[in-house]
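Reader: I am new to this structure and should like to understand the terms used to describe it. Please show me the model, and then let me ask about the reasoning.

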There are 2 protein chains.
Amino acid sequence: METYRNQEEYLFALSQRAQLPEGFAGAVYPFMFTPAEKAGKEYKMNLSLILLDRPTERFAAMFTSNAFPGHPVTIGKKRLSAKAWRAILVNNKISNVRAPGGEEDAEEVLSELGKLIGAPTDSLLPSSTGIIGWKLPKADMIKNLKPLTGQIGTADALGLALGIMTTDSFPKLRRADLEGGSIVAIAKGAGMIEPNLATMLVFIMTDLDVDKAVMTEALKAAVSESFNRISIDSDQSTSDSVFLLSSARKKCRDLKAFEKALKTVCTALAEDIVRNGEGTEHVMKVRVEGASDAKIAQSTAKAVINSPLVKTAIFGDDPNVGRLLSSVGDHLGNLGIFPDASKVEITLGGHVVFQKGCFCLDPKKEAELNSYLNAARLNPEFKGYPQHDRTVDIVIGLGMGSAEASAMGSDLGYDYVKENAEYRS
Amino acid sequence: METYRNQEEYLFALSQRAQLPEGFAGAVYPFMFTPAEKAGKEYKMNLSLILLDRPTERFAAMFTSNAFPGHPVTIGKKRLSAKAWRAILVNNKISNVRAPGGEEDAEEVLSELGKLIGAPTDSLLPSSTGIIGWKLPKADMIKNLKPLTGQIGTADALGLALGIMTTDSFPKLRRADLEGGSIVAIAKGAGMIEPNLATMLVFIMTDLDVDKAVMTEALKAAVSESFNRISIDSDQSTSDSVFLLSSARKKCRDLKAFEKALKTVCTALAEDIVRNGEGTEHVMKVRVEGASDAKIAQSTAKAVINSPLVKTAIFGDDPNVGRLLSSVGDHLGNLGIFPDASKVEITLGGHVVFQKGCFCLDPKKEAELNSYLNAARLNPEFKGYPQHDRTVDIVIGLGMGSAEASAMGSDLGYDYVKENAEYRS
């Protein structure tokens with residue numbers, strides 16, 4: 001189990017894994033600006049740059065399935081057919097979604113960046129997170145590109161992880177070392193602490209030389225078992241993006257090891273994302289077993305994770321297991337699936353709470369479950385680091401087949417409402 | 001517009017519509033009990049009786065689609081094939097869902113009631129709401145049936161509406177007078193104020209003589225456009241039930257008028273249910289137009305109504321219209337539907353906020369929208385009655401076809417978390 005007693009311990013642990021893979025350099029530069037939409041008010045924006053020392057043909061990316069993606073996503077999708085990628089420019093505060101001229105603005109900023117670092121615009125990617133609908137402060141961004149490029153090489157992965165934060169509670173950084181190289185990944189978001197549509201941005205860097213097609217497939221597989229299994233508010237914001245870039249410096253002989261390491265890194269980062277919310281006081285893990293097929297297992301796990309009644313009960317350390325059964329029954333009933341209740345089994349923290357068609361609850365078990373939930377609580381007063389990596393484990397056996405799936409999410413408490421109701425004020 | 005300055009005004013308005021249809025009588029009796037699951041603690045339970053003076057063959061009911069329904073629902077479904085119905089016995093506090101022997105317990109209580117009023121058990125319906133998993137206090141209930149039957153005739157529809165309340169903020173009662181008879185309906189629940197799985201119970205009484213098959217179809221149509229269009233937490237608890245009983249005293253010549261009146265009563269009652277939560281500070285109405293088919297229009301409207309990010313923004317009087325677009329885009333993208341954003345139009349309170357592919361926001365419009373949301377707020381300090389019937393109206397035009405649908409729901413604020421996290425403590 002990982003535990004941290006204070007922020008220093010956590011940042012120290014992250015600094016130990018912060019070295020960028022060979023061929024990568026980072027820069028972060030903050031500046032103040034006044035948005036067109038809020039005359040008289042000043043906001044801070046960070047520009048963060050993830051740069052390769054030379055263009056690479058080894059890249060992959062996955063973007064939100066939202067039907068109204070942001071301009072950076074639209075540009076990113078086009079860049080998938082570019083020959084090579086050189087850098088990603090990340091900004092926070094404004095997500096550049098559906099603002100008039102948003103695509104042109106982003107391209108113009110990138111074009112200016114390209115002149116400064118000597119790279120064609122189509123090798124540069126934009127990535128934005130923040131308020132949607134507002135216009136990028138293009139002139140201010142362009143003006144601050146020069147000091148940003150002056151910082152190249154000063155930010156390691158921890159510097160970048162800090163730079164891309166918005167209201168994240170702590171930086172998120174994971175790495176794997178293998179085959180003489182490394183995979184280093186950082187993330188911002190989502191949910192709770194990310195009221196700006198819960199945007200999730202993930203940047204994965206590696207120096208391992210893996211064929212582009214293999215990279216793409218490995219990324220798909222890893223995302224499907226990690227970021228696509230977390231659920232905080234809604235599944236897909238207008239800006240969610242996962243990037244994977246390789247400097248291709250180290251031969252990678254064992255592709256299976258690469259795929260496995262990528263999955264491990266993504267899964268750990270996904271759990272960090274759930275845990276990082278100021279509003280998150282419990283990380284919930286739901287495992288559905290015995291489903292008739294994987295798709296049903298997956299959607300059922302997500303239905304439980306997304307149930308506001310389950311989430312608020314867990315927030316209150318209340319083993320209200322009736323809500324677990326009801327959320328499963330609601331979801332399956334709507335799909336026209338009716339399991340034999342006598343074969344359904346539900347456990348919470350290893351305690352059987354539903355079996356043979358009935359709840360098995362008594363005052364002693366309720367007290368034990370209450371203690372279990374309380375021990376898994378993250379104290380919101382300790383900000384800036386995760387205190388522990390305990391989770392609330394829920395297992396639902398449907399007794400219908402052999403398919404299974406997991407999902408991960410957060411509870412629902414007062415701070416969620418506070419962050420999300422007062423976000424733009 | 002309906003406005004009430006205090007609880008007295010509201011209760012007076014309800015008393016004006018509280019006369020039961022001919023052939024119906026009501027009774028309510030409260031008592032204290034100690035559940036097996038919480039030794040040493042006392043709880044209050046209300047028994048409420050909705051009684052016909054003679055058995056009727058004119059009845060219909062709709063029950064939750066939850067795959068794990070409560071015992072009263074299981075019994076109710078069986079009773080649909082009974083020849084005649086005579087009464088419904090409603091209890092609050094314990095919902096009798098998945099407790100060992102729950103079906104037998106309910107049948108035994110009904111059998112004792114049958115002896116007292118001279119009716120076969122299969123003409124009596126159980127209806128329960130409250131904590132799930134706990135056993136009914138069968139002995140206490142049976143003991144209190146006699147004093148309950150002693151009260152027959154003392155409760156009008158307002159008395160019954162008050163009797164079936166649990167943590168509802170105010171009683172809910174609607175009526176329509178037509179064809180020399182009436183339709184009178186009461187409801188308890190749901191959502192916010194009903195943390196016990198948001199159970200919704202609706203009892204509709206009429207003295208109009210309508211053929212059973214016609215009644216059933218009319219109920220289906222009315223429920224589909226009213227109760228099935230509200231969404232507070234999850235759609236279907238383990239106990240949701242809607243009953244329609246007729247004493248068949250008055251000839252009903254105009255069936256269209258009956259169907260229309262039933263729909264009007266159900267729609268008003270559905271809105272009351274959304275408005276009645278202690279946690280509800282805004283009633284949201286979402287209308288999706290221009291969809292390619294009705295099913296998509298309906299699921300999209302529900303997706304917006306269910307988005308925690310939309311709900312918390314509305315709670316905060318924040319016209320964060322980006323979240324509206326994103327919730328629509330998330331839902332449609334997951335279905336593989338990609339509308340032309342340049343044809344999408346979104347209005348909030350009549351103000352166009354998204355058009356021609358872009359948000360149209362400026363400081364003046366943001367201020368107007370903020371005022372609009374603030375005016376639609378229900379002050380939670382005024383308990384026991386609805387202050388007004390204003391709603392937050394959101395219209396989403398997809399520009400893809402001519403299908404449309406509406407949904408109704410509540411915002412998400414601190415009191416929701418409070419009610420749901422601390423429900424059983």
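Reader: In which helix of chain B does B:D272 lie?

Author: In this predicted model, B:D272 belongs to helix α8 of chain B, which covers residues 255–275.

Reader: Why is B:D272 called buried?

Author: The relative accessible area of B:D272 is 7%. The term buried applies under 20%, and B:D272 is therefore classed as buried.

Reader: Which residues does B:D272 touch, not counting those up to four places away in sequence?

Author: B:D272 touches B:F170, B:K172, B:L173 and B:R174. Contact here requires heavy atoms within 4.5 Å.

Reader: What makes chain A and chain B partners in contact, and how many residues are in contact?

Author: On the side of chain A, 63 residues are in contact with 63 residues of chain B. The area buried between the two chains is about 5100 Å², and carbon and sulfur atoms give 61% of that area.

Reader: How many salt bridges and how many polar contacts does the interface hold?

Author: The rule finds zero salt bridges across the interface of chain A and chain B. A salt bridge would need a side-chain nitrogen of Lys or Arg within 4 Å of a carboxyl oxygen of Asp or Glu. Ten residue pairs, both at pLDDT 80 or more, are in polar contact between chain A and chain B.

Reader: Which element gives the largest share of the side of chain A that touches chain B?

Author: That share comes from α11(A), with ten residues. By class, this side of chain A has 33 nonpolar, 18 polar and twelve charged residues.

Note on methods
Residues are numbered from 1 along each chain as its sequence is written. Chains are lettered from A and ligands numbered from 1 in the order in which they are written. This is a predicted model: local features need pLDDT of at least 70, side-chain atom pairs count only at pLDDT 80 or more; totals for chains, interfaces and linings use all residues. Side-chain values use heavy atoms; hydrogens and water are left out. Helices (H or I, at least four residues) and strands (E, at least two) are DSSP runs, numbered from the N terminus. Buried means under 20% relative accessible area, exposed over 50%, partly exposed in between (1.4 Å probe, protein chains only). Buried area is the accessible area (1.4 Å probe) that two parts lose on being put together, summed over both. A polar contact is a pair of N or O atoms within 3.5 Å; within protein, one must be able to donate a hydrogen and the other to accept it, and residues adjacent in sequence count only if both atoms are side-chain atoms. Ala, Val, Leu, Ile, Met, Phe, Trp, Tyr, Cys and Pro count as nonpolar, Asp, Glu, Lys and Arg as charged, and the others, Gly among them, as polar.
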